Amino acid sequence: MTRKLDLSACWNEVMHLFRANRELLLSVAGVFILLPGLAFAMFSPPPVSAPDATLETIYQGMQQFYTDNIFWIILIGLANGFASVVMLVLILDRGQPSVGEAMRRGLSILLPYYAMGILSGVMVFFGSLAFVLPGIYIFIKLLVAGPAMVAERNYKITAALRRSWALTKGNSGRVLVFVLVVAVTAFFVYLTSVTVIGLVIRLGVGGDMAETLTTLVDAVLSMFLSVLMVCVYAALYRQLAGPAAEDVAETFS
């Protein structure tokens with residue numbers, strides 16, 4: 001029987017997951033999201049275009065920036081992905097592992113998790129070529145594949161994708177609305193906070209110190225946003241799968 005997603009209950013679940021695991025989640029995110037992002041922003045800042053620069057000049061500058069730093073961008077992406085896996089283990093593993101145990105398990109499932117992410121991305125990309133909407137639909141249908149793989153300990157890529165497709169059956173619209181509302185609201189709060197705090201910092205402190213503090217604030221808020229979205233995906237999975245989700249894992253072996 002298909003479970004109807006309760007948006008209010010899902011948001012309560014997000015808050016519960018964050019409050020119950022915040023110390024562990026923030027410690028993981030601090031090491032694998034905050035520090036790499038902060039180091040990259042400090043040592044490889046994006047180019048600053050002249051006020052009268054054309055769009056073509058700006059585009060060429062950004063293209064050169066990403067070309068020059070592609071290795072570090074990929075490395076940071078891998079670190080962020082590892083952090084997401086570890087946080088999902090901390091949230092969804094009924095054995096309540098320590099950070100060290102979660103990291104060891106995260107390492108053991110990293111390759112199938114990344115492969116599943118790449119396959120999902122390819123499917124969404126090709127779906128998007130057909131007037132965008134099919135890509136959005138596929139993205140929503142595969143949204144909880146990662147949490148399903150972690151929670152149900154089934155590391156077959158196709159099994160996790162099928163499980164996510166089944167869980168979101170009859171709830172695609174609700175999932176889309178929930179993710180959109182949370183993501184847009186969170187991004188607005190992030191953008192507003194960075195802007196306001198940045199202005200306050202620049203009014204109180206000048207020179208390079210202001211830029212350093214603003215970069216730090218940006219990195220910290222980005223980290224919180226990443227943790228929030230992991231909690232959102234985990235909460236969606238728990239709400240859609242129900243309390244006995246792990247018991248059905250063998251069905252998709």
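The legends below accompany close-up views of a predicted model.

**View 1. Helix H7 and its surroundings.**
Helix H7, which spans residues 145–152, is largely enclosed by the rest of the structure, because 8 of its 8 residues are buried. The buried residues are Ala145, Gly146, Pro147, Ala148, Met149, Val150, Ala151 and Glu152, so the list includes a glutamate as well as nonpolar residues such as Met149 and Val150, where buried stands for a relative accessible area under 20%. These residues pack against five helices, namely H3 (70–92), H4 (99–108), H5 (110–128), H8 (157–167) and H10 (207–241).

**View 2. The crossing of helices H3 and H7.**
Two packed helices are described by the angle between their axes and the distance between the axes. For H3 and H7, the axes come within 9 Å and cross at roughly 55 degrees, and the two helices are therefore oblique to each other, with a crossing that is right-handed. On the H3 side the contact is made by Leu88, Val89 and Leu92, and on the H7 side by Gly146, Pro147, Val150 and Ala151. Sorted by class, the residues of this contact comprise 6 nonpolar and 1 polar, with no charged residue among them.

**View 3. Two loop residues with positive phi.**
Most residues other than glycine have a negative phi. Arg153, placed just after H7 in the loop between H7 and H8, has a positive phi near 55 degrees although it is a residue other than glycine. With a relative accessible area of 48%, Arg153 is partly exposed, whereas every residue of the preceding helix H7 is buried. Gln96, in the loop between H3 and H4, likewise has a positive phi, in this case of about 50 degrees, without being a glycine. Gln96 is exposed, its relative accessible area being 69%.

**View 4. The largest nonpolar core.**
In soluble globular proteins, nonpolar side chains tend to be buried together. The largest nonpolar core of this model has 59 residues, and the members that touch the most other members are Met87, Ile91, Val175, Val232, Leu236 and Tyr237. At least two residues of this core are supplied by each of the helices H1 (7–43), H3, H5, H6 (133–141), H7, H8, H9 and H10, and the largest share, 14 residues, comes from H10. For Val232, once its neighbours within four places in sequence are left aside, the contacts are with Val14, Phe178 and Val182.

**View 5. The crossing of helices H1 and H9.**
The axes of H1 and H9 come within 11 Å and cross at roughly 50 degrees, which makes H1 oblique to H9. H1 passes H9 in a right-handed crossing, where Leu7, Cys10, Trp11 and Val14 of H1 meet Arg174, Val177, Phe178 and Val182 of H9. By class, this contact holds 7 nonpolar residues and 1 charged residue, and no polar residue. Val14, Phe178 and Val182, which take part in this meeting of H1 and H9, are also the residues in contact with Val232 when its neighbours within four places in sequence are left aside.

**View 6. The packing of helices H1 and H10.**
H1 and H10 pack with their axes 6 Å apart and at an angle of about 140 degrees, so that H1 is oblique to H10. H1 passes H10 in a right-handed crossing, and the residues of their contact divide into 27 nonpolar, 5 polar and 2 charged.

**View 7. Gly198 in helix H9 and Ser226 in helix H10.**
Gly198 has its place in helix H9, residues 172–204, and counts as buried because its relative accessibility is 3%, where the cut-off for buried is under 20%. Apart from its neighbours within four places in sequence, Gly198 is in contact with Ser193 and Thr214. The C-alpha atoms of Gly198 and Thr215 are separated by 8.8 Å, and these two residues are 17 residues apart along the chain. Ser226, found in helix H10, is partly exposed, with a relative accessible area of 27%. From C-alpha to C-alpha, Ser226 and Gly170 are 27 Å apart in space, and they are 56 residues apart in sequence.

Technical notes. Residues are numbered from 1 along each chain as its sequence is written. This is a predicted model: local features need pLDDT of at least 70, side-chain atom pairs count only at pLDDT 80 or more; totals for chains, interfaces and linings use all residues. Side-chain values use heavy atoms; hydrogens and water are left out. Buried means under 20% relative accessible area, exposed over 50%, partly exposed in between (1.4 Å probe, protein chains only). Helices (H or I, at least four residues) and strands (E, at least two) are DSSP runs, numbered from the N terminus. Contact means heavy atoms within 4.5 Å. A nonpolar core is a set of buried Ala, Val, Leu, Ile, Met, Phe, Trp, Tyr and Cys residues joined through side-chain atoms within 4.5 Å. Axes are lines fitted to C-alpha atoms, for helices over the stretch in contact, and angles run from 0 to 180 degrees between N-to-C directions. Angles under 35 degrees count as roughly parallel, over 145 as roughly antiparallel, 65 to 115 as roughly perpendicular and the rest as oblique. A crossing is left-handed if the near helix is turned anticlockwise from the far one by less than a right angle, and right-handed if clockwise. Ala, Val, Leu, Ile, Met, Phe, Trp, Tyr, Cys and Pro count as nonpolar, Asp, Glu, Lys and Arg as charged, and the others, Gly among them, as polar.
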